[in-house]
Amino acid sequence: MPANPTPTSQKTTSTGLDTYLRDIWRSIRSIAIGMRITLKYMFSRTVTIQYPFERLAFAPRYRGIHEFEAEKCIACNLCAKACPVDCMYIDATAPRKIDPKTQKAGGGELVRFAIDYQKCMFCALCTEPCPTECIHMGKNHDLSAYSRDDMIVEFTDLDKQGLRTPIPLWMKRNADSIPWVGAELERVQRGELATKEADIRPT
Ligand code: SF4
Ligand code: SF4
């Protein structure tokens with residue numbers, strides 16, 4: 001004679017209780033795992049900073065917006081030829097060469113030296129062949145602008161203002177309220193190149 005089967009209602013209640021208890025256990029376990037990870041990182045060294053209130057430290061070979069010394073450029077086009085995306089525009093009225101006495105380029109006028117930052121990929125290949133070492137990868141970033149035309153930086157126009165690199169929007173906006181930004185803006189306005197000391201990541 002076959003054994004009496006378990007009543008359907010009793011089986012359903014038992015399965016429901018099992019599921020309920022299993023869900024509680026899973027919740028406790030997942031909270032414990034999450035808290036273990038949280039506690040592990042709570043006391044480890046912070047890798048993020050409150051930018052822009054705190055200053056970012058760049059790696060020594062960080063490649064930001066270019067810095068350009070127009071007075072040393074001989075308009076040889078070697079940088080433009082090396083550029084893989086053809087985003088450099090150079091124009092001079094006549095050949096230029098460095099005067100050994102002044103170490104400045106003379107001859108023709110450098111009419112235009114521009115870089116289209118819509119295309120530039122910051123590969124630094126343009127800096128390698130430069131015979132006068134007048135183009136450098138800088139330390140400033142943030143290419144935000146209000147128009148596509150503003151993304152084309154006319155370095156010869158900047159040179160007439162005594163600048164080696166454009167002044168980013170964030171720098172203009174935060175210079176008065178954040179001390180290090182104000183100091184950095186003054187450096188750019190003085191036409192100074194980024195220093196190696198400022199580039200070294202603190203240990
Ligand atoms: S960094 Fe690279 S892509 Fe940008 S201008 Fe120089 S060579 Fe061209
Ligand atoms: S390689 Fe140097 S000198 Fe020649 S055009 Fe470019 S920036 Fe000027």
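F113 makes a good entry point to this predicted model, and its contacts (pairs of residues whose C-beta atoms, placed from the backbone, lie within 7 Å) are with F68, A70, C73, I90, F155 and T156, leaving aside residues up to four places away in sequence. F113 also belongs to the largest nonpolar core, a group of 18 residues in which F68, A70, C73, L110, F113 and F155 have the most contacts. Such a core is a set of buried Ala, Val, Leu, Ile, Met, Phe, Trp, Tyr and Cys residues joined through C-beta atoms within 7 Å. Buried means that 20 or more other C-beta atoms lie within 10 Å of a residue's own; exposed means 12 or fewer, partly exposed covers the values in between, and the C-beta atoms are placed from the backbone. At least two core residues come from each of strand 2 (88-92), strand 5 (110-116) and helix 3 (155-160). Strand 5 gives the largest share, three residues. In soluble globular proteins, nonpolar side chains tend to be buried together.

Stepping back to the whole chain, the protein contains six helices and seven strands. These are DSSP runs numbered from the N terminus, with helices (H or I) of at least four residues and strands (E) of at least two. Their order along the sequence is α-β-α-β-β-β-β-β-β-α-α-α-α. The protein has 203 residues, and 17% of them count as buried. Among contacts with a separation of 6 or more, 69% join residues 24 or more positions apart. Residues are numbered from 1 along each chain as its sequence is written, while chains are lettered from A and ligands numbered from 1 in the order in which they are written. Local features need pLDDT of at least 70 and side-chain atom pairs count only at pLDDT 80 or more, whereas totals for chains, interfaces and linings use all residues.

Two ligands come next. Around ligand 1 there are 13 residues, of which C83, C120, C123, L125 and C126 come nearest; a residue is near a molecule if its C-beta atom, placed from the backbone, lies within 6 Å of it. This shell has 13 nonpolar, no polar and no charged residues. Here Ala, Val, Leu, Ile, Met, Phe, Trp, Tyr, Cys and Pro count as nonpolar, Asp, Glu, Lys and Arg as charged, and the others, Gly among them, as polar. Ligand 2 is surrounded by 14 residues, with C73, C76, L78, C79 and C130 coming nearest. The shell of ligand 2 divides into twelve nonpolar, two polar and no charged residues.

Helix 5 (residues 179-190) can be followed from end to end. Its twelve residues should span 16 Å at 1.5 Å a residue, and the end C-alpha atoms are 17 Å apart, which agrees; the expected span is 1.5 Å times one less than the number of residues. V181, E184 and V188 are the buried residues of helix 5. They lie on the same side of helix 5 because they cover an arc of only 60 degrees around the axis, taken from the directions from the axis to the C-beta atoms. Helix 4 (169-174) is part of what covers these buried residues. On the other side of helix 5, P179, A183, E186 and R190 are exposed. R190 counts as exposed because it has 10 C-beta neighbours inside 10 Å. L163 is 27 residues from R190 in sequence, with 7.1 Å between their C-alpha atoms. Just after helix 5, G191 takes a positive phi of about 80 degrees.

Methods:
Two residues are in contact if their C-beta atoms, placed from the backbone, lie within 7 Å.
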